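Trainee: Could we go through this structure together, one question at a time, so that I learn how to reason from it?

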Amino acid sequence: MRLLKIGRDATCDIVLYSEKVSSLHAEITLMNSGDILLEDKGSQNGTFIQNQAIKPGKPVNVRRGDAIRFADVELQWSQIPMPEDNSAYKAIYGIGSHFNNDIQISGGTVSRYHATIKVGKDNKVYIIDHSKNGTTVDGQKIAPHNPYRIKKSSSVVCGGVPVNLKATPVQWPSELWKTILMAAASVLVLVGIGFGIYKFMSGRSGKQEDTELYAKYNHSVVMLVGIYHYEVSIGDLDLDALNALLPVSARIPTKLLPTKNNYVDVSSYSSKQLIDALDKKGMYGGTGFFISNDGQLITNLHVVKPWLFNGEGERLQQSFARWFTGHVAFLNSALRTTQYNAYLSQVKVTGVLDYVALIPHGEVFDADNINKCRVLSAGEDINKDVALVQTISKRLPTSECTVVNVKDSIDVSDEALKVGEHIYTLGFPLLTSLQDQQSENGIQLLARGGSITQILNEFQFGFDAASFGGASGSPIFNDKGMLVGILNSGVTSTQGFNYGIKAKYIKELLDSPHIK
């Protein structure tokens, strides 16, 4: 696979000389299969196929010769390399941080499509580097774009990150005997020999112990913190001008910050001032888990839009509607007009997210370690309690962070959610109240196993793994290591009664993001 960056910046692979073209306008990925993917990278003036704009951040398949335009510049297909002749190879494996690779590694210096391993028909194995930060074999940096012979014992390092060749799917010449044995075993199974052993093995196939899941995903899960406030509006009224007509004690706040027992008038505060006042650590929290190397993560909708779930906004709206109704007569009398009567039904209280940020497992809980995020996709349907978030930097916060590969490791079938089936979840229940915030080990997630106890409705299922508030957004895996849901609620007074949203709504969100 090969990635081509397209834009106005001189570091791009294809530089376009137009002021309407963004610095990094788009990317073209040349897949090993010969497929070509085009992705707009959030450009200002858009990317077009056959004069139809494509959605930013969502790769689409294109064919060589398609009419493609970046803002006002047409793509010259002569600049795009022709597909490689791979007829001399019997197997090809991509290495990089993108989930499309056969061998996925993570790290800030690893390119999305870092290198390619090719196995020749003569069983000789080669690696080809096409990265920014290079590849070394046995301590020697190899030349880019040139095949370099490697063995199973070779020490391969991509962008400073070692690649365990023995753990890759590459079929080495010395493993031919394994292929023969596997083929023989398959024949035996097909003809019914060893049926009892086959039944036993099929019952155990693919199962992963909880310890394996923890080792695989403990650096995929992060703690989230957030800050939000409510904004009050009354139609198109200028509330600042309205408040100037009222005594100080009767003025209506335009911004309210919810606290444990009350609401604080923060009308004079900007979002930045609210964040600074709360030490950038947030006023509530939850859990999320990474699904891509560009810092995208899944959490609950109620973690990014808590006002949809707690009923505060509705209660505040009713309260301010009563307040305004009580003052209409005074306002009309003071201004000798009845214009305010028309606004009685236009009182509105809206929740606004000021801040959502994450801190990875193992990091010290401190404002300097928190990574600010933005919401990519979050709807209004509280039944589908899932949301998509991304780090502002568009990358994983540390080199230790890993991702849950939702392309290959998600099971949305009804068969995956049967009462009695084992599940395993990792998250941050009770948030920092269970953490030594200054510990050199940093914050530590909690992992618990349990069983599915009920299929509650179309959206939720119940399970008995102990949890608590703060774990909202924790991934739920089955014993095959497949993502089957996301924790979203529970009975706080009694452990063992918790609920998750079915994984199919995670897939639905990723396949059809909400338009912002």
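Mentor: We will talk about nonpolar cores, one helix and some salt bridges, keeping in mind that this is a predicted model.

Trainee: Which residues touch the most other members of the largest nonpolar core?

Mentor: The largest nonpolar core holds 39 residues, and strand E19, helix H8 and strand E24 are among the elements that each supply at least two of them. Apart from this core lies another one, of 35 residues, which includes Ile 291 and Leu 388. Within the largest core, the residues that touch the most other members are Ile 234, Leu 237, Phe 290, Phe 320 and Phe 324.

Trainee: Leaving aside residues up to four places away in sequence, what does Ile 234 touch?

Mentor: In soluble globular proteins, nonpolar side chains tend to be buried together. Ile 234 is a member of the largest nonpolar core, and once residues up to four places away in sequence are set aside, the residues it touches are Leu 239, Ile 252, Phe 324, Tyr 343, Gln 346 and Val 347.

Trainee: Within what arc do the buried residues of H9 fall, seen down the axis of the helix?

Mentor: Helix H9 covers residues 504-511, and its buried residues are Tyr 505, Ile 506 and Leu 509. What covers these buried residues includes the strands E22, E23 and E25. Seen down the axis of H9, the buried residues line one face of the helix, because they fall within an arc of 110°.

Trainee: Is Lys 305, which meets Glu 380 in a salt bridge, buried or exposed?

Mentor: The side chains of Glu 380 and Lys 305 meet at 2.7 Å, N to O, and the pair links parts of the chain that are 75 residues apart, with Glu 380 in the loop between E25 and E26 and Lys 305 in the loop between H6 and helix H7. Glu 380 has a relative accessible area of 55% and is exposed. Buried means under 20% relative accessible area, and Lys 305, at 16%, therefore counts as buried.

Trainee: How many residues apart in sequence are the parts that Lys 384 and Glu 508 tie together?

Mentor: The side chains of Lys 384 and Glu 508 meet in a salt bridge of 3.0 Å, N to O. Lys 384 is partly exposed, with a relative accessible area of 26%, and Glu 508 is likewise partly exposed, at 36%. Because Lys 384 lies in the loop between E25 and E26 while Glu 508 lies in helix H9, the distance in sequence between the parts they tie together is 124 residues.

Terms used
Residues are numbered from 1 along each chain as its sequence is written. This is a predicted model: local features need pLDDT of at least 70, side-chain atom pairs count only at pLDDT 80 or more; totals for chains, interfaces and linings use all residues. Side-chain values use heavy atoms; hydrogens and water are left out. A nonpolar core is a set of buried Ala, Val, Leu, Ile, Met, Phe, Trp, Tyr and Cys residues joined through side-chain atoms within 4.5 Å. Buried means under 20% relative accessible area, exposed over 50%, partly exposed in between (1.4 Å probe, protein chains only). Helices (H or I, at least four residues) and strands (E, at least two) are DSSP runs, numbered from the N terminus. Contact means heavy atoms within 4.5 Å. The arc is that of the directions from the helix axis to the C-beta atoms. A salt bridge is a side-chain nitrogen of Lys or Arg within 4 Å of a carboxyl oxygen of Asp or Glu.
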